[in-house]
Amino acid sequence: MGNDALLVLDKVCKSFGPVQVIDEVTVEVHAGKVSVLLGENGAGKSTLIKMIAGVHEPDAGRILMDGKAVKIPNTKASEALGIATIHQELNLVPSMTIAENITLGRVPRKFGIINRRAMRQIARDAMDKLGLKLDVDTPVGELGLAQQQLVEIAKALSLDARVLILDEPTAALTKSEIAHLFSVVNTLKAQGVGMVFISHHLDEIAEIGDFVNVLRDGKFIATVPADTEENELVRLMVGRDIDAQFPRVATEPGEQPLLSVKNLSDGMLKDISLEVRPGEVVALAGLMGAGRTELIRAIAGADKYSSGSVAVNGKKLASFDVAAATRAGIGHVPEDRKTQGLVLDASVAENIGYATMASTAKSGLVDRKGQKARAQQVAERLRIRMGSIDAPIRSLSGGNQQKAVFGRWFTAGAKVLLLDEPTRGVDVGAKVEIYELINEITASGGCVLMASSELPEVLGMSDRVLVMSQGRIAGELATEEATQDAIMSLAVSNVHREEEMGTK
Ligand SMILES: Nc1ncnc2c1ncn2[C@@H]1O[C@H](COP(=O)(O)OP(=O)(O)OP(=O)(O)O)[C@@H](O)[C@H]1O
Ligand SMILES: [Mg+2]
């Protein structure tokens, strides 16, 4: 590709303490092209782009912009060079409005006073680019994860950058939102913006990418065209073959329901009744906003409900009581691991051990040695990449944090696993490991209720599908009959607006 590159990371290195995370990697960004970064969880993708975003400085190597060496010591310097970054973990301030977040650090002023009108206008223009119709005065904390992600994208777009970095921007989006984002990316391509795109969805790579840079263990492996066959991409990225993508081993379900929800209502949830028997994996499908996350949170005790009941093994649980739910054997992998699932400054071992702390305490003392050994075991099974089991969970890559939340409930021996988008941000190999643990849970008499927007995952891993629409269960399908069309027609059964279901 030669020396016409807009931006080059030239043999950059980065270590955290004794661990070398990036080892002499060279990657180019070209005007009007999308350069994909592909690699397993923990391969070093986010660390690499953080060197361009001004979050980390390389220990060795150079960054060239228009052929000249540049230093990018902070985010301001990055923005000044015309680089905008959409980070994997959202960076918005929940208490501030959409408009305040989008203009953060460059608030328009008139005679020294904040010009709110101009601020709103900048935000609205950015939102229009994505076809978003949210009120820009809404506090970001009131938005769901997907909407927050879209605001983050709008914020980056409003910078009119020459280089745009997208670190897993599609992880929380539906198919129609992704289509919208990709049309924006194509427009930017035509305008000569150079982009870096990270995604664990291989089909997106072929759709939007130009070429793919593969990383493995912090090392550069190869640059290949974006239309390279998926199997070949996986082989380059993982360095081994992946067995069956969806290894569901169905179990003959037990007679009595393990989880039963009766006439549960609250706010948007309307009269929900469902049962999951031991050995079953039941998927919750539906459009974004159908109430899947709300239902899972209510069952998990994370939110209150005003009427109805939740029972495990026939024993009713109190509403809004996570501790009681945990004691009854419920495990909850929430949608947003960063704010709901993890204690970021605690170690990997502690985060995995939280749910078992009380039950394994010896004469009131936490059994730290046992906790660590069990955490180590599950971390190995899930191939959690970390400096050590004592490292703060904050230092793990996004996908590895997700694996840790899942590992916690597996270690705790949860009997009723409530999963909300369990494999979001998880690489192809680690997905299979998670699915195998799901099989073990059902084989040993547990059950799983799983909200997923990924149709292949719903079809590949569930025994039955419940489709939600506007806070109700609109219908049930056996997995064999759950085609995209069948799910959609139930999902929109009360809905007047047209939207697609995510089939990433
Ligand atoms: N601040 C830090 N301190 C210590 N280790 C870190 C830090 N940031 C990243 N790492 C380590 O660097 C490695 C690469 O992490 P990185 O976030 O770049 O992975 P990634 O390829 O983006 O993975 P994912 O697909 O899960 O997002 C991981 O092993 C991670 O634990
Ligand atoms: Mg990452």
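Strand 15 (residues 281–286) and strand 20 (residues 447–451) run parallel and are joined by four bridges, strands here being DSSP runs (E, at least two residues), numbered from the N terminus like the helices (H or I, at least four residues). Within this pair, Ala283 stands opposite Met450 of strand 20. The model is predicted, so that local features need pLDDT of at least 70 and side-chain atom pairs count only at pLDDT 80 or more, while totals for chains, interfaces and linings use all residues. Residues are numbered from 1 along each chain as its sequence is written, chains are lettered from A and ligands numbered from 1 in the order in which they are written, and side-chain values use heavy atoms, with hydrogens and water left out.

Strands 15 and 20 belong to an open sheet of six strands, ordered 18-19-20-15-21-22 with mixed pairing, where two strands pair if DSSP finds at least two bridges between them. Its edges are formed by strand 18 (330–333) and strand 22 (472–478), each of which pairs on one side only. From one strand to the next the twist averages 20 degrees, with axes taken as lines fitted to C-alpha atoms and angles running from 0 to 180 degrees between N-to-C directions. At the strand 22 edge, strand 21 (residues 464–469) pairs with strand 22 in the antiparallel sense over six bridges, and Met468 has Ile473 of strand 22 as its bridge partner. The hairpin of these two strands has two residues between them, and Gln470 takes a positive phi near 45 degrees there.

A second open sheet has four strands in the order 14-13-16-17, with antiparallel pairing. Strand 14 (269–276) and strand 17 (315–316) each have a single partner strand at the edges, so one side of each is left without a neighbour in the sheet. Strand 13 (residues 259–266) is joined to strand 16 (residues 307–312) by five bridges in antiparallel orientation, and Ser265 stands opposite Ser307 of strand 16.

Turning to ligand 1, both domain 1 (7–238) and domain 3 (346–413) give residues to its shell, so the ligand lies between them; the domain bounds come from an automatic or database domain assignment. Of the 20 residues around ligand 1, those coming nearest are Lys45, Thr47, Ser395, Ser397 and Gly399, a residue being near if one of its heavy atoms lies within 4 Å. Helix 1 (45–53) and helix 15 (398–411) each supply at least two residues of this shell. The table gives side-chain polar contacts, that is, pairs of N or O atoms within 3.5 Å.

| Residue | Partner | Distance |
|---|---|---|
| Ser46 side chain | oxygen atom of ligand 1 | 2.9 Å |
| Gln88 side chain | oxygen atom of ligand 1 | 2.9 Å |
| Ser397 side chain | oxygen atom of ligand 1 | 2.7 Å |

The protein covers 84% of the 640 Å² of accessible area that ligand 1 has on its own, by the Shrake-Rupley method with a 1.4 Å probe.

Note on methods. Polar contact = N/O pair within 3.5 Å; in protein donor to acceptor, adjacent residues only side chain to side chain.
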